[in-house]
Amino acid sequence: MREAKIEPDVISYIAGISACGKCGQWQRSLSLLRDMWKTRPALDVISYNAGISACVKGEQWQRALLLLGEILWSKSEPDTIFYNSGISACEKGEQWQLALSLLNEMMDAMLKPNRQLQR
């Protein structure tokens, strides 16, 4: 896009982050997330969800948890997808205490876990 002198928008960034994550390219996903942050400092929960998901798929649960912490400190409102991704990252990293804490936060926020988490 830059070669064509087209500035990427939020949707194109998120699409790129998600696509890289689905292909196991978590490093590129995080690179796009950083680029997005430079041009649009007010990242939303959707862009973080895409980055967290890419890290989880790439077995980079520590990085996923760092992103999780960033959004919890930002002004964005976490959604069900955010919490599900965070709990999944905790599962991969065997961080069950943090997973339970996130589940409690999710319930406090009146968000319902998806079926996968209700087993």
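How much area does the protein chain expose, and what share of it do carbon and sulfur atoms supply?

1. The protein chain exposes about 7800 Å², and carbon and sulfur atoms supply 55% of that area. Accessible areas come from the Shrake-Rupley method with a 1.4 Å probe, and for residues only the protein chains shown count as cover.

2. This is a predicted model, in which local features need pLDDT of at least 70, side-chain atom pairs count only at pLDDT 80 or more, and totals for chains, interfaces and linings use all residues. Residues are numbered from 1 along each chain as its sequence is written, and side-chain values use heavy atoms, with hydrogens and water left out.

3. The protein chain has six helices and zero strands. Helices (H or I, at least four residues) and strands (E, at least two) are DSSP runs, numbered from the N terminus.

4. The C-alpha trace of the protein chain spans about 50 × 25 × 20 Å along its principal axes. The radius of gyration, taken over C-alpha atoms, is 14 Å, which agrees with the value near 14 Å for a compact globule of 119 residues. That globule rule is 2.2 Å times the number of residues to the power 0.38.

5. Of the 119 residues in the protein chain, 37% are buried (under 20% relative accessible area, 1.4 Å probe, protein chains only). S47 is one case: S47 lies in helix α3, residues 45–57, and is buried with a relative accessible area of 0%. Leaving out residues up to four places away in sequence, S47 touches I14, L33 and M36, where contact means heavy atoms within 4.5 Å.

Definitions and conventions:
Buried means under 20% relative accessible area, exposed over 50%, partly exposed in between (1.4 Å probe, protein chains only).
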